[in-house]
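Good morning, colleagues. I should like to take you through one structure this morning, beginning with the whole chain and then turning to a few selected places.

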Amino acid sequence: MRSERPLPLRQRTFVPHWSNVFGILAFACVVVLLVTGVILMVFYDPSSDSTVYHGSYGPLNGAEVSKAYASTLRISVDLPGGLLVRQAHHWAALLLPAAIMMQLLVTFFTGAFRKPHRFRWLLLFGLFVTALLGGWSGYALPDDSLSGTGLRIFEGIMLGLPVIGTWASALVFGDAFPGRVLEFLYPVHVWVTGALLVGLIALWLRSAIKERPLRRRGKPVGEVALLPTAAVRAAGLFALSVGVIMVMAGTMTISPIWLYGPASTGDASAGSQPDWYTGFLDGALRLVPPGWEITWLGRTWTLAVIAPLAVISTFMLIVALYPFLEQRFTKDRLDHDLLDRPRDVPVRTGIGVAGMIFYGVLWAAASADIMATEFGLGLNQILTVLQVILITGPVLGFGVTWSLCRWLQRQDAELAEHGRPTGVIVRLPSGGYVEDHFPPPPAIESARPKLALGHHPKGV
């Protein structure tokens, strides 16, 4: 049975939920990024050419630096409000992937990706990948010592690719490291990422308007009109999100390039870490056992690079295509406008928890050296433990989650049949005694037929 035609916007209603904050926060981050990015474009010079810095920051006055570093330092130190704009841009870039990731998790665990809403899942995943691309490409633009270390690692990964490694490195860097990499990354960060963010958000909004809105189980509580009530609330939360980002930018220092100094091909920052959203990529490289190489067709194939890239690519592909994979395995081709409770779909919920554990282990591995230093542990021991957890953790997580969901289903079945105990004992006309019960909650009442018969959604 296909979904009915969606109502006009003025006739639609909306049920506020705590998870709505993630979408609004992501939109606020995008707006801050675009506005601050336009301002920074005016003063930033994306050039690797050398120049002598003459500015108000004394320790580097007279030092030979790149034009990119000099312009970023002038924005931070000499331009009124420049540091506020730059830090707002950086904080928004850090918050955007987190907001999108949380929205992906909410969409996944509630089944909001099912037909006919699969296109919105792809758009949301595309926004996440675009946020990673924008953060990574912008990370190197200040051309400070920390970003230079990150670029050196990236160059090593590219050179480790069999057959195409040297060609790919020459394409990006243009010459011996660091080459003209800033001139390559600047248009990627500004034009490619900016166009993708605007285009994907526009498509997502168009899809949300054209498709029938999703509903939650049970009687709607606190239902309000979409226009103007829900729209005004969303605007207020948007303004609050922007305000929080600006407060963070004005009070919390981030990326102090004047302390890091300019990038140098012969220097590397000790204990340097990537921005949090790319940590899982770095962690995948660290978890590969040493000496993973094979010789084939007269070439040395470095599995230390190929294996993590293959694993990460497969993981990301599964996430992107999961709505289609679930439909194929469950053979469920119906339209769904009613959101699921995670406990009602134990297999899907278990898969989600397994994926979170897998990602979390990779992310933690990126800071294995910091953990070893702070806790006085051996680096190799930490990596060994994480390697074991990477394999066993998702399996255990799936099993525990599946069992917990089934236990909660049995509890719901009892509530659907008997209601919730009140603690009040009632005497029957026959002389017996029974405990009085409240009616079951709305979400359980709406699922009474399935729970009473012991049926659950097909396949998941």
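What follows is a short tour of this predicted model, from the overall fold to individual contacts.

Let me begin with the chain as a whole. Its secondary structure comes to 16 helices and 8 strands. Taken along the principal axes, the C-alpha atoms fill a box of roughly 100 × 55 × 45 Å. The chain has 460 residues, of which 40% count as buried. As for the contacts with a separation of 6 or more, 74% of them are between residues 24 or more positions apart.

I turn now to helix H2, residues 67–77. How many of its residues are buried? The count is 8 of 11, and the helix is thus mostly covered. The buried set consists of Ala 68, Tyr 69, Ala 70, Ser 71, Thr 72, Leu 73, Ile 75 and Ser 76. Against what do these buried residues of H2 pack? Their partners include four helices' worth of surroundings that I shall name in order: helix H1 (20–43), helix H3 (82–109), helix H7 (181–210) and helix H9 (257–260). Strand E2 (50–52) and strand E3 (64–66) also pack against them.Next, I would ask you to look at a pair of helices, H4 (residues 118–139) and H11 (residues 303–330). Their axes come within 10 Å and cross at roughly 175 degrees. An angle over 145 degrees counts as roughly antiparallel, and H4 is therefore roughly antiparallel to H11. On the H4 side, the residues that meet H11 are Arg 118, Trp 121, Leu 122, Phe 125, Phe 128 and Val 129. On the H11 side, they are Met 316, Val 319, Ala 320, Pro 323, Phe 324 and Gln 327. By character, the residues of this contact divide into 10 nonpolar, 1 polar and 1 charged. As a general point, an α-helix has 3.6 residues a turn, so residues three or four places apart point the same way.

H4 and H11 appear again in the surroundings of helix H10, residues 279–286. Buried in H10 are Gly 279, Phe 280, Asp 282, Gly 283 and Ala 284. These buried residues pack against H4, H11 and H12.

Between H11 and helix H12 (346–365) there is a loop, and Asp 340 lies in it. Is Asp 340 buried or exposed? Asp 340 counts as buried because its relative accessibility is 7%, and the cut-off for buried is under 20%. The side chain of Asp 340 makes a polar contact of 3.2 Å with the side chain of Arg 114. A further polar contact, also given as 3.2 Å, joins the side chains of Asp 340 and Arg 348. Leaving aside neighbours within four places in sequence, the residues in contact with Asp 340 include Phe 109, Thr 110, Gly 111, Arg 217 and Val 345.

For comparison of exposure, consider Leu 105, which is in helix H3. With a relative accessible area of 24%, Leu 105 is partly exposed. Leu 105 and Leu 338 are 233 residues apart in sequence, and their C-alpha atoms are 17 Å apart in space.

My last stop is a hairpin. Strand E5 (residues 293–296) and strand E6 (residues 299–302) run antiparallel and are joined by 4 bridges. Which residue of E6 is the bridge partner of Glu 293? The partner is Thr 302. The hairpin has 2 residues between its strands, and Leu 297 takes a positive phi near 60 degrees.

Thank you for your attention.

Note on methods: Residues are numbered from 1 along each chain as its sequence is written. This is a predicted model: local features need pLDDT of at least 70, side-chain atom pairs count only at pLDDT 80 or more; totals for chains, interfaces and linings use all residues. Side-chain values use heavy atoms; hydrogens and water are left out. Buried means under 20% relative accessible area, exposed over 50%, partly exposed in between (1.4 Å probe, protein chains only). Contact means heavy atoms within 4.5 Å. Axes are lines fitted to C-alpha atoms, for helices over the stretch in contact, and angles run from 0 to 180 degrees between N-to-C directions. Angles under 35 degrees count as roughly parallel, over 145 as roughly antiparallel, 65 to 115 as roughly perpendicular and the rest as oblique. Ala, Val, Leu, Ile, Met, Phe, Trp, Tyr, Cys and Pro count as nonpolar, Asp, Glu, Lys and Arg as charged, and the others, Gly among them, as polar. A polar contact is a pair of N or O atoms within 3.5 Å; within protein, one must be able to donate a hydrogen and the other to accept it, and residues adjacent in sequence count only if both atoms are side-chain atoms. Two strands pair if DSSP finds at least two bridges between them.
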